[in-house]
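This report goes through a protein chain, from its overall make-up to its cores, its surface and its loops. Please keep the sequence and the model at hand while reading.

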Amino acid sequence: MSSNDNTESNGSSHCSTPDSDGEVAEEIAIISFERKLDTARTIEAEIEDAYDRVDVIEYHGEVFAEQWDEYDCFVGLMASGIALRKAAPLLADKWDDPAIVVVDEQLTWAIPLTGGHHGANQVANDLAQLGAVPAMTTASEAAGKQGVESKAKALDAHVVNGDSTVATNLAVLNDELGPVARLDGPRAVLVDDDVTVLKPNKDGVVLGTGTVSGVRKEQVLTAWETALSTLELGFEDVEFVATATRKEEETGLYEAAQEVDVGIVLFGKETLTEFEGPSPSRSKELIGWPGIAEASAIAGGRNHELLKEKARFDDAVTVAVGR
């Protein structure tokens, strides 16, 4: 249940609680006929650690209507036609309606019916751990691209103006969206209807991170944990990880971010130069880039402050902490 935003940003911005603009599902109801309850329990056991609440509820004719406002996502262990007929009269607004995923008894397919960007795709991906093939029909995911709602989730943010996502997700499909930009306030901003506004869900710290080529996930995780512990912080205090665009192919970095469920923001050279840190860096001498860890931590932080100067771990990872 995780997603990383490998998007270059001019400033920056990470979702654990559902809201009316919610991009995540945290409270799941598995709706099952009595004869399929064993399979429902198997699903429950597989995904329960990833969500705040997972309940198995036996199907009856009014179960969707009775539970509609109680859950973020329904997993229907049933034919899609049954779920569609029961849910259709209840649907009102895609930003408020719960997501719905249907899965067959053999766990062959996991099909998001509603709320693909608002939890259904996420749950379908989790069901893949049981062998079910996620059948994504949302345009951006079907094209292998990350819609703006997914970007918001990766950055622990939520979409403020939901109607704008029609235009911005079309821009994603056409590779025309460009970088996610962060604007620091106080300021007033006039935007058109095709500008999606993302608002962070919490105040946290930013892990500015530089790595050697081929770094391993375990090295990155150890470095992050050590750096945070010196500030008496944990991964729950992290907004996102910030690094440079030239690290976008670093697999170990992305695997580490996925392990702790945080997003990654990539900053370009121009932005990092603007927020260069206080510690000297050999990379500036050798290739003209400022030190990645400090500059990205400062650039990514809401206050553009450096809480902890860079420290190098295992000759492979450099970490600075900003806010």
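The text below covers the whole chain, then the interior, then the surface and two loop residues.

This is a predicted model, in which local features need pLDDT of at least 70, side-chain atom pairs count only at pLDDT 80 or more, and totals for chains, interfaces and linings use all residues. Residues are numbered from 1 along each chain as its sequence is written, and side-chain values use heavy atoms, with hydrogens and water left out.

**Overall make-up**

The protein chain holds twelve helices and 14 strands; these are DSSP runs numbered from the N terminus (helices H or I, at least four residues; strands E, at least two). Of its 323 residues, 51% are buried, where buried means under 20% relative accessible area, exposed over 50% and partly exposed in between (1.4 Å probe, protein chains only). The accessible surface is about 15000 Å², and carbon and sulfur atoms account for 46% of it; areas come from the Shrake-Rupley method with a 1.4 Å probe, and for residues only the protein chains shown count as cover.

**Interior**

A nonpolar core is a set of buried Ala, Val, Leu, Ile, Met, Phe, Trp, Tyr and Cys residues joined through side-chain atoms within 4.5 Å. The largest one has 24 residues, and L207, V220, W224, V241, I264, V317 and V319 touch the most other members. Two or more residues each come from β10 (205-211), α8, β11, α9 (251-259), β12 (263-267) and β14. The largest share, six residues, is given by α8. A second, separate core has 23 residues, among them A25, I28, V56 and V75.

V319 has contacts (heavy atoms within 4.5 Å) with residues including L207, W224, A293 and F313, leaving out residues up to four places away in sequence.

Helix α4 (residues 120-127) is largely enclosed by the rest of the structure, because seven of its eight residues are buried. Those seven are A120, N121, Q122, V123, A124, D126 and L127.

**Surface and loops**

V191 lies in the loop between α7 (165-173) and β9 (198-200). Its relative accessibility is 36%, so V191 counts as partly exposed.

Two other loop residues, neither of them glycine, have a positive phi. Most residues other than glycine have a negative phi.

| Residue | Phi | Loop | Relative accessibility |
|---|---|---|---|
| E232 | about 55° | between α8 (217-229) and β11 (238-244) | 75%, exposed |
| D314 | near 55° | between β13 (306-313) and β14 (317-322) | 55%, exposed |
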